[in-house]
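Hi,

Here is the structure I said I would pass on. Have a look, then read my notes underneath.

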Amino acid sequence: DPQRLRILSRSLQMNTLLRVWGPTLERLEEERSRSSLSNVLQPFCTACAAQVACLRKSELWDLVAACNRVGLMALVEVHTEAEMDLALATPGVACIGINNRNLHSFKLDMETTPRLMARVRRAAAATPRLQDIVFASLSGVSMRSEVEALKDVECVLVGEALMRSSD
């Protein structure tokens, strides 16, 4: 779906802006509502990243709600089963990114996405709204065969491989 792809591709830009500005939820809403900033962000940034490992449940729920209020999609990033369960339970979540890299140890495990997506498939039988969530695989993808192996997600983030590539 081109709309989903466009939204996901813009999340990196918004994440970068949020890291530079470091806004609180209130400042995010305030800045987004200003016409000058909205004109700058509108065509380029429609999402922000929310790392579940860094947030309490209430903070995650508040961040997703604030993003929805101001027209941003929250890319909710998970790495563990517990984080996936929290992301799936978050009201209004529309996009979940599964990070194959453990951000505490930086160890890469390409079985993370298939393992967590199996959990999603089991939960989807009882929760039809999960079919509306976009799932992405983040980190560690560098070859076409790796992309093709990730059948349960709508998109992948290819970052490091592009940064290291000479062409």
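Below is what I found, starting with the overall picture and ending with a few residues.

First, the ground rules. This is a predicted model, so local features need pLDDT of at least 70 and side-chain atom pairs count only at pLDDT 80 or more, while totals for chains, interfaces and linings use all residues. Residues are numbered from 1 along each chain as its sequence is written, and side-chain values use heavy atoms, with hydrogens and water left out.

**Overall**

The protein has eight helices and five strands (DSSP runs numbered from the N terminus: H or I of at least four residues for helices, E of at least two for strands). Along the sequence they come in the order α-α-α-β-α-β-α-β-α-β-α-β-α. There are 167 residues, and 40% of them count as buried (under 20% relative accessible area; exposed is over 50% and partly exposed is in between, with a 1.4 Å probe and protein chains only). About 9,600 Å² is exposed, with carbon and sulfur atoms supplying 55% of that (Shrake-Rupley method, 1.4 Å probe; for residues, only the protein chains shown count as cover). If you take the contacts (heavy atoms within 4.5 Å) between residues at least 6 apart in sequence, 60% join residues at least 24 apart.

**Cores**

The largest nonpolar core holds 29 residues (a set of buried Ala, Val, Leu, Ile, Met, Phe, Trp, Tyr and Cys residues joined through side-chain atoms within 4.5 Å). Val 76, Val 78, Met 84, Leu 88, Ile 96 and Phe 135 have the most contacts inside it. At least two residues of this core come from each of β1 (47-51), α4 (57-69), β2, α5, β3 and α6. A second, separate core has five residues, including Ala 47, Met 73, Cys 95 and Val 134. Back in the largest core, Val 78 touches, among others, Val 52, Met 84, Ile 96 and Leu 116, not counting residues up to four places away in sequence.

**Helix α6**

The 13 residues of α6 (residues 112-124) should span 18 Å, and the end C-alpha atoms are indeed 18 Å apart (expected span: 1.5 Å times one less than the number of residues). Its buried residues are Thr 112, Thr 113, Leu 116, Met 117, Ala 118, Val 120 and Ala 124. Their cover includes β2 (73-78), α5, β3 and β4 (134-138).

**Two buried polar residues**

Which residues does Thr 90 contact, leaving aside its neighbours within four places in sequence? They are Leu 60, Trp 61, Val 64 and Arg 129. Thr 90 sits in the loop between α5 (81-89) and β3 (95-99), and counts as buried because its relative accessible area is 0%. A polar atom of its side chain lies 2.7 Å from the backbone oxygen of Leu 86.

Glu 77, in strand β2, is buried too, at 12%. Its side chain makes a polar contact of 2.7 Å with that of Asn 99 (N or O atoms within 3.5 Å; within protein, one must be able to donate a hydrogen and the other to accept it, and residues adjacent in sequence count only if both atoms are side-chain atoms).

**Cysteines**

There are zero disulfides (pairs of cysteine sulfur atoms within 2.5 Å). For Cys 155, the nearest cysteine sulfur is that of Cys 95, 6.1 Å away. Cys 155 is buried at 14% relative accessibility, whereas Cys 54 is exposed at 56%.

Cheers
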